[in-house]
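The following exercises concern a single protein model. Please study the sequence and the structure before reading each worked solution.

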Amino acid sequence: MTDEEYCELALHIFEYLACTADRLAMTERSLVRHAVVSDYDGLAWHHLNPRIFFRLRPVAAILDAYYPCVAQLNLASLA
């Protein structure tokens, strides 16, 4: 998978979650949010390929600009 394909896939996932939340909020007449929970217990820097940061950078920039309610990636916890 190229970096562009990865970014496009991530955007499709976020758009799907946003549309699903909107649709459910209208039927429930209540605010609906999605939460993605990731367990990184035991993950350290040596487990990561540095290339992943180049793949995450454009996705993180888009999330920051257009999806402000999405929790931001906290790389400091990987130390």
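**Exercise 1: Salt bridges**

Arginine 51 forms a salt bridge with aspartate 3, and their closest N and O atoms are 3.1 Å apart. The model is a predicted one, in which local features need pLDDT of at least 70 and side-chain atom pairs count only at pLDDT 80 or more, while totals for chains, interfaces and linings use all residues. Residues are numbered from 1 along each chain as its sequence is written, and side-chain values use heavy atoms, with hydrogens and water left out.

Task: Which residues are joined into one network by salt bridges that share partners?

Step 1. Recall that a salt bridge is a side-chain nitrogen of Lys or Arg within 4 Å of a carboxyl oxygen of Asp or Glu.

Step 2. The structure holds two salt bridges. In the pair introduced above, arginine 51 lies in helix α2 and aspartate 3 in helix α1, so parts 48 residues apart in sequence are tied together. Helices here are DSSP runs (H or I, at least four residues), numbered from the N terminus.

Step 3. Aspartate 3 also forms a salt bridge with arginine 55, with the closest N and O atoms 2.8 Å apart. This pair links aspartate 3 in helix α1 to arginine 55 in helix α2, 52 residues apart.

Step 4. Asp3, Arg51 and Arg55 therefore belong to one network, joined by salt bridges that share partners.

**Exercise 2: Exposure**

Task: Is arginine 55 buried or exposed?

Step 1. Apply the cut-offs for relative accessible area: buried is under 20%, exposed is over 50%, and partly exposed is in between (1.4 Å probe, protein chains only).

Step 2. Arginine 55 has a relative accessible area of 16%, so it is buried.

Step 3. For its network partners, arginine 51 is partly exposed at 45%, and aspartate 3 is partly exposed at 25%.

**Exercise 3: The nonpolar core**

Task: Which element gives the most to the largest nonpolar core?

Step 1. A nonpolar core is a set of buried Ala, Val, Leu, Ile, Met, Phe, Trp, Tyr and Cys residues joined through side-chain atoms within 4.5 Å.

Step 2. The largest such core has six residues, namely Cys7, Ala10, Phe14, Val59, Leu63 and Tyr67. Two or more residues come from each of α1 and α2 (51-66).

Step 3. The element that gives the most is α1, with three residues.

Step 4. Beyond its neighbours within four places in sequence, valine 59 is in contact (heavy atoms within 4.5 Å) with Tyr6, Cys7, Ala10 and Phe14.
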